[in-house]
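Work through these short exercises with the structure in view. Try each task before reading its solution.

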Amino acid sequence: MIYYKSFIILLGGISLLAACTSASPELPTTPAPEPTAIILVQTATKPHVETSTALPSHNPEPSRTPKPSPTLPAGDDFTCLPENGTRVSAVVAGVTDGDTINVQVGLQNFTVRYIGVDTPETNVQPPERMGLEATRRNRELVSGERVTLVSDPGVGETDRYNRLLRYVIKDDIFINAVMVREGLARYYASPNAACGSLFFDAENEARSAHTGLWAP
């Protein structure tokens with residue numbers, strides 16, 4: 001009987017405990033955080049290469065060195081040539097008459113009229129006296145030859161026919177003076193010509209010697 005009461009008491013305790021357990025409010029539960037996916041992004045980077053920047057090199061343009069002026073020969077005939085006159089080397093490509101030639105300077109062609117010289121005309125019929133002889137002599141002296149052309153600022157660059165006005169020198173021969181001295185040309189007076197007095201004296205020599213144009 002005692003055991004039966006004890007069993008009833010024990011059963012009552014268990015029932016009471018169960019009732020208390022079921023009656024107690026449920027504790028709130030915190031949901032577990034969702035797992036976060038960690039994504040590692042690998043950024044493609046170029047490898048660092050040490051480079052040296054080349055300094056710009058200085059390449060100066062080649063300077064154009066002017067050709068030296070032809071050297072004039074020594075002698076009394078050449079002392080009258082103007083120091084401020086231009087001197088150019090040229091090749092005689094043709095002879096027109098006793099006082100006119102065609103020359104080539106580099107790739108350019110020019111017609112040159114002798115300063116202070118006037119030879120008889122050959123472009124008329126019949127040619128003037130000594131005109132053919134003057135042309136022939138001029139051709140002997142300069143045709144195909146390299147000559148030096150010297151300008152005279154006192155006279156100017158060209159004549160009214162656009163021909164270059166020049167003193168002409170071949171080697172040590174002053175062609176203008178030779179044509180007058182040999183009686184094949186007259187002195188063509190020009191007030192400002194540097195070599196006017198030389199040509200004037202050369203004509204007087206030819207007259208005195210009765211040469212060429214001054215022959216009887």
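Below are five exercises, each with a worked solution.

The model is predicted: local features need pLDDT of at least 70, side-chain atom pairs count only at pLDDT 80 or more, and totals for chains, interfaces and linings use all residues. Numbering starts from 1 along each chain as its sequence is written, and side-chain values use heavy atoms, with hydrogens and water left out.

**Exercise 1. Find how many helices and strands the protein has, and give their pattern.**

Step 1. Take the DSSP runs: helices are H or I with at least four residues, strands are E with at least two, numbered from the N terminus.
Step 2. The protein has 4 helices and 8 strands.
Step 3. Along the sequence they read α-β-β-β-β-α-β-β-β-α-β-α.

**Exercise 2. Say where pLDDT stays under 50.**

Step 1. pLDDT is the predictor's confidence in each residue, from 0 to 100.
Step 2. The mean for the protein is 82, and 69% of residues reach 70 or more.
Step 3. Residues 16–25 stay under 50. So do residues 37–41.
Step 4. Count contacts (heavy atoms within 4.5 Å). Beyond four places in sequence, the model has 0 for residues 16–25 and 0 for residues 37–41.
Step 5. Where pLDDT is low, predicted coordinates should not be read in detail.

**Exercise 3. Place Thr-119, then decide: buried or exposed?**

Step 1. Thr-119 sits in the loop between β4 (117–118) and α2 (131–142).
Step 2. Buried means under 20% relative accessible area, exposed over 50%, partly exposed in between (1.4 Å probe, protein chains only).
Step 3. Thr-119 has a relative accessible area of 2%, so Thr-119 is buried.
Step 4. Leaving out residues up to four places away in sequence, Thr-119 touches Asp-97, Gly-98, Asp-99, Ala-134, Met-179, Leu-184 and Ala-185.

**Exercise 4. Treat Glu-128 in the same way.**

Step 1. Glu-128 also lies in the loop between β4 and α2.
Step 2. Its relative accessible area is 39%, so Glu-128 is partly exposed.
Step 3. Apart from residues up to four places away in sequence, Glu-128 touches Pro-120 and Glu-121.

**Exercise 5. State what share of the 216 residues is buried, and what share of the accessible surface belongs to carbon and sulfur atoms.**

Step 1. Buried residues make up 31% of the 216 residues.
Step 2. Accessible areas come from the Shrake-Rupley method with a 1.4 Å probe; for residues, only the protein chains shown count as cover.
Step 3. The accessible surface is about 15,600 Å², and 57% of this belongs to carbon and sulfur atoms.
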